[in-house]
Amino acid sequence: GLYGIVEELLELDPLSGAAHNSLALISAFGDWDFQAADSEFRRAIELSPSNAWSHYGYSQLLAVLRRFDEARLHLDEARALDPLRVDYTMTLAALYAWTGDPGRTYRVWKQAEEIDATYPGLHQGVITGFCSTEHHHEALAALLGANQKYPDDPLVLAELAYCYAVS
């Protein structure tokens, strides 16, 4: 499987940051071995500090571990290295939503919208973070637009129902 392929890559080049990043992703989100994943992400970043994907992947692990401040730092680094990746910005917005900061959630979501207003995941899990704020009209409008685009998406429908309920 994938683990074997990555192990072969590491035998050929033990200093490959990309291979260590792949091993970290497999450890984190395949094996649920967060300790090994943490070690591999740190090694990947040490070997390839300008690899935005390693910082992004590590931020995902850190968020799962509820190490939100560290996750934000690595998301900031990923965004600095690759500022046009809207998924990095959306993940930061989601991080603010998870930590109960609707103001920052909204501001970062707007940044993501400026990067790519057509990004399919622009609504997912973030807009509900500001449905109960002064921005609820924009949240509803965004969700209604997503519902027109993806009428059978259960996540959009659930978020739309939630937004109506709290606004």
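Accessible areas here come from the Shrake-Rupley method with a 1.4 Å probe. On that basis, the chain in this predicted model exposes about 8,800 Å², and carbon and sulfur atoms supply 55% of that area. The fold is helical throughout its regular elements, with 9 helices and 0 strands. Here is a quick tour, from the overall build to the core and then the pocket.

**Overall build**

- Followed along the sequence, the elements read α-α-α-α-α-α-α-α-α.
- Measured out along the principal axes, a box of roughly 55 × 30 × 25 Å is filled by the C-alpha atoms of the chain.
- The chain has 167 residues, and 42% of them count as buried.
- Among contacts in the chain with a separation of 6 or more, 47% are between residues 24 or more positions apart.

**Nonpolar cores**

- The largest nonpolar core brings together 35 residues, and Leu95, Trp109 and Ile127 have the most contacts inside it.
- Two or more residues of this core come from each of α2 (17-29), α3 (34-47), α4 (52-64), α5 (68-81), α6 (86-98), α7, α8 and α9 (154-166).
- The top contributor to this core is α6, which gives 7 residues.
- Leaving aside residues up to four places away in sequence, Leu95 touches Ala63, Phe68, Ala71, Arg72 and Leu75.
- Another core lies apart from the largest one; it has 5 residues, including Val6, Leu10, Ala19 and Leu23.

**The largest pocket**

- How much space lies in the largest pocket? The volume is about 190 Å³.
- Its lining is made of 14 residues, and those nearest the centre of the pocket are Ala117, Tyr119, Leu122, Ala142 and Ala146.
- Two elements, α7 (102-115) and α8 (136-149), give two or more residues to the lining.
- Of the elements, α8 gives the most to this lining, with 4 residues.
- By residue class, the lining of the largest pocket divides into 9 nonpolar, 3 polar and 2 charged residues.

**Where core and pocket share elements**

- Helix α7 gives two or more residues to the largest nonpolar core, and α7 also gives two or more to the lining of the largest pocket.
- Helix α8 likewise appears in both places, with two or more residues in the core and 4 in the pocket lining.

How values were computed: Residues are numbered from 1 along each chain as its sequence is written. This is a predicted model: local features need pLDDT of at least 70, side-chain atom pairs count only at pLDDT 80 or more; totals for chains, interfaces and linings use all residues. Side-chain values use heavy atoms; hydrogens and water are left out. On a 1 Å grid over the protein atoms alone, a cavity is a set of points where a 1.4 Å probe fits but cannot get out, and a pocket is an open set with protein on both sides within 12 Å along at least five of seven lines; lining residues have an atom within 4 Å of a point. Grid points are joined across faces, edges and corners, and a volume is the space filled by probe spheres set on the points. Ala, Val, Leu, Ile, Met, Phe, Trp, Tyr, Cys and Pro count as nonpolar, Asp, Glu, Lys and Arg as charged, and the others, Gly among them, as polar. Buried means under 20% relative accessible area, exposed over 50%, partly exposed in between (1.4 Å probe, protein chains only). Contact means heavy atoms within 4.5 Å. A nonpolar core is a set of buried Ala, Val, Leu, Ile, Met, Phe, Trp, Tyr and Cys residues joined through side-chain atoms within 4.5 Å.
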